[in-house]
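Trainee: Could you take me through one part of this model slowly, starting with the open space at its surface and working out to the elements around it? I would enjoy a close look.

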Amino acid sequence: MFKKLKILDEKDKRLRLISKEVKFPLSDEEKNTIKLAMDNLRYSQIDELAKKYNLRAGWGLSAIQIGIQKRWFIIVDEQEDGSFRELFFANPKIISNSAEKIYVEQGEGCLSVNRDVAGIIPRYARVTIEAYDIDGNKFTMRLREDLSICVQHEMDHLQGILFFDRIDPKNPYKDSNKYRAI
């Protein structure tokens, strides 16, 4: 049975909290919440299910966006064959990054921000992240391009930062010529 998550809106002050370290092992309730969050993201990327459950398309989600002040986020990434890769990151740290920066040409979006926000956010084109999986096993992963941007966006949530905080309000497209658009 599918249950739609209640995602906090940008006006909710909890989104500005700094998330706390995840302690392992996770409880069954925590694991069920993570599975439910992954189902919500997967369904949001399948047109008929997104329409049926009134879901906005999303790729990543941080715990704080559903009111849980823990340092974890998920990414559900549709593959070319139509399957989905589900990624869980707890207590993540970027351990290296590229010198090259990129930005999303049409602008970043967020499930907690129900409006279009003009401007660019320079992000690293490639990052290596160290984190823990759902069972508490440490891993390292190298991410490129859009997945790199998604990870950086979600990690900002863990620090109470919303993407539009990184846009220059006086000049939203400042230095766009210095970075590569994707």
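Mentor: Happy to. The largest pocket of this predicted model has a lining of 19 residues, and W59, E108, G109, C110 and C150 are the ones that lie nearest its centre. Its volume comes to about 400 Å³. By class, the lining holds 7 nonpolar, 9 polar and 3 charged residues. Helix α3 gives the most to this lining, with 6 residues, so let us follow that helix next, by way of the sheet.

The sheet is open and has 5 strands, in the order β1-β2-β3-β6-β7, with antiparallel pairing. At its edges are β1, residues 60-62, and β7, residues 138-144, each of which pairs on one side only. On average, neighbouring strands in this sheet are turned by 40 degrees against each other, with direction ignored.

Now for the pairing itself. Strand β3, residues 84-97, is joined to β6, residues 126-132, by 5 bridges, and the two run antiparallel. Along this pair, I94 stands opposite I129 in β6, and N97 stands opposite V127, also in β6. Helix α3, residues 145-158, packs on the sheet and touches β1, β2, β3, β6 and β7, and its direction makes about 155 degrees with that of β2. From β6 the sheet carries on to β7 through 7 bridges, again with an antiparallel run. I129 has a bridge partner here too, namely M141 in β7. The hairpin of β6 and β7 has 5 residues between the strands, and within this hairpin G136 takes a positive phi near 90 degrees.

A second helix belongs in this picture. Helix α1, residues 28-44, lies across β1, β2 (72-78) and β3, and runs at about 35 degrees to β2. A good residue for looking at that packing is V76, which sits in strand β2. V76 counts as buried because its relative accessible area is 0%, and the cut-off for buried is under 20%. Leaving aside neighbours within four places in sequence, the contacts of V76 are M38, L41, R42, Q45, W59, F84, R85 and E86. W59 is worth a second glance in that list, as W59 is also one of the residues nearest the centre of the largest pocket. Between V76 and L41 the C-alpha distance is 6.2 Å, although 35 residues separate them in sequence.

Helix α1 also leads us to another open space. The second largest pocket takes its biggest share of lining from α1, which gives 4 residues. This pocket encloses about 290 Å³ and is lined by 17 residues, with K4, L5, I7, R56 and L111 nearest its centre. Its lining divides into 8 nonpolar, 5 polar and 4 charged residues.

Let me finish with a loop residue that brings us back to where we began. I121 is found in the loop between β4 (101-103) and β5 (123-124). With 2% relative accessibility, I121 counts as buried. Beyond its neighbours within four places in sequence, I121 is in contact with I102, Y103, E108, F163, R166 and I167. E108 in that list is another of the residues nearest the centre of the largest pocket. I121 and I149 are 28 residues apart along the chain, and their C-alpha atoms are separated by 9.3 Å.

Key:
Residues are numbered from 1 along each chain as its sequence is written. This is a predicted model: local features need pLDDT of at least 70, side-chain atom pairs count only at pLDDT 80 or more; totals for chains, interfaces and linings use all residues. Side-chain values use heavy atoms; hydrogens and water are left out. Two strands pair if DSSP finds at least two bridges between them. Axes are lines fitted to C-alpha atoms, for helices over the stretch in contact, and angles run from 0 to 180 degrees between N-to-C directions. Contact means heavy atoms within 4.5 Å. On a 1 Å grid over the protein atoms alone, a cavity is a set of points where a 1.4 Å probe fits but cannot get out, and a pocket is an open set with protein on both sides within 12 Å along at least five of seven lines; lining residues have an atom within 4 Å of a point. Grid points are joined across faces, edges and corners, and a volume is the space filled by probe spheres set on the points. Ala, Val, Leu, Ile, Met, Phe, Trp, Tyr, Cys and Pro count as nonpolar, Asp, Glu, Lys and Arg as charged, and the others, Gly among them, as polar. Buried means under 20% relative accessible area, exposed over 50%, partly exposed in between (1.4 Å probe, protein chains only).
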